[in-house]
Amino acid sequence: MAERDASQKQQSLDLQEAAEEAFSSEKREDIWALLIAAAILLLSVAFPEQVRHFFSSTLYLF
C-alpha cells in the first residue's frame, strides 16, 4: 500500500513538473508575441508610409 502511494505521488510530481514546463514555454511564447507586436506598432507609428508600402508592394501575401 505504501509503495502504491509513493508511486502515485511520484506520478503526480512528474505531471506537475511537466505542466509547469509547458506553461513556462507558453508564457515565453506569449512574451515574444507581445514584444513583436509592440515593435510593429512602434514602427507603424514612426514610419507609417514605409509600413504601408511594405504591406502593399513588398509583401505579396497581404
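Select aspartate 14 to begin: this residue lies in helix α1. Helices here are DSSP runs of H or I with at least four residues, strands are runs of E with at least two, and both are numbered from the N terminus. The model is predicted, so local features need pLDDT of at least 70 and side-chain atom pairs count only at pLDDT 80 or more, while totals for chains, interfaces and linings use all residues. Residues are numbered from 1 along each chain as its sequence is written, and side-chain values use heavy atoms, with hydrogens and water left out.

Aspartate 14 counts as partly exposed because its relative accessibility is 37%; buried means under 20% relative accessible area, exposed means over 50%, and partly exposed lies in between (1.4 Å probe, protein chains only). Add Glu17, Glu20 and Glu21 to the selection, and a negative surface patch formed with Asp14 is displayed. A patch takes residues with over 30% relative accessible area and no salt bridge, joining like charges within 9 Å and nonpolar side chains (Val, Leu, Ile, Met, Phe, Trp, Tyr) within 5 Å. Asp and Glu count as negative, Lys and Arg as positive, and His and the chain ends are not counted. The place of a charge is taken as CG of Asp, CD of Glu, NZ of Lys or CZ of Arg.

Next, select isoleucine 31, which is also placed in helix α1, residues 2–46. With 44% relative accessibility, isoleucine 31 is partly exposed. Ile31, Trp32, Leu35, Ile36 and Ile40 make a nonpolar surface patch of about 520 Å².

Now move to helix α2 and select glutamate 49 and arginine 52. These two residues form a salt bridge, with their closest N and O atoms 2.8 Å apart; the term requires a side-chain nitrogen of Lys or Arg within 4 Å of a carboxyl oxygen of Asp or Glu. By this rule, the count is one salt bridge. Glutamate 49 and arginine 52 are separated by about one helical turn, because they stand three residues apart in helix α2 (residues 48–58).

Then select phenylalanine 54 and phenylalanine 55. The structure holds one aromatic pair. Phenylalanine 54 and phenylalanine 55 form this edge-to-face pair, at 5.3 Å centre to centre and with 80 degrees between the planes. Rings of Phe, Tyr and Trp (its six-membered ring) pair if their centres lie within 6.5 Å; planes under 30 degrees apart are stacked, over 60 edge-to-face, and the rest tilted.

Finally, display the whole protein. It has two helices and zero strands, and of its 62 residues 0% count as buried.

Terms used: Accessible areas come from the Shrake-Rupley method with a 1.4 Å probe; for residues, only the protein chains shown count as cover.
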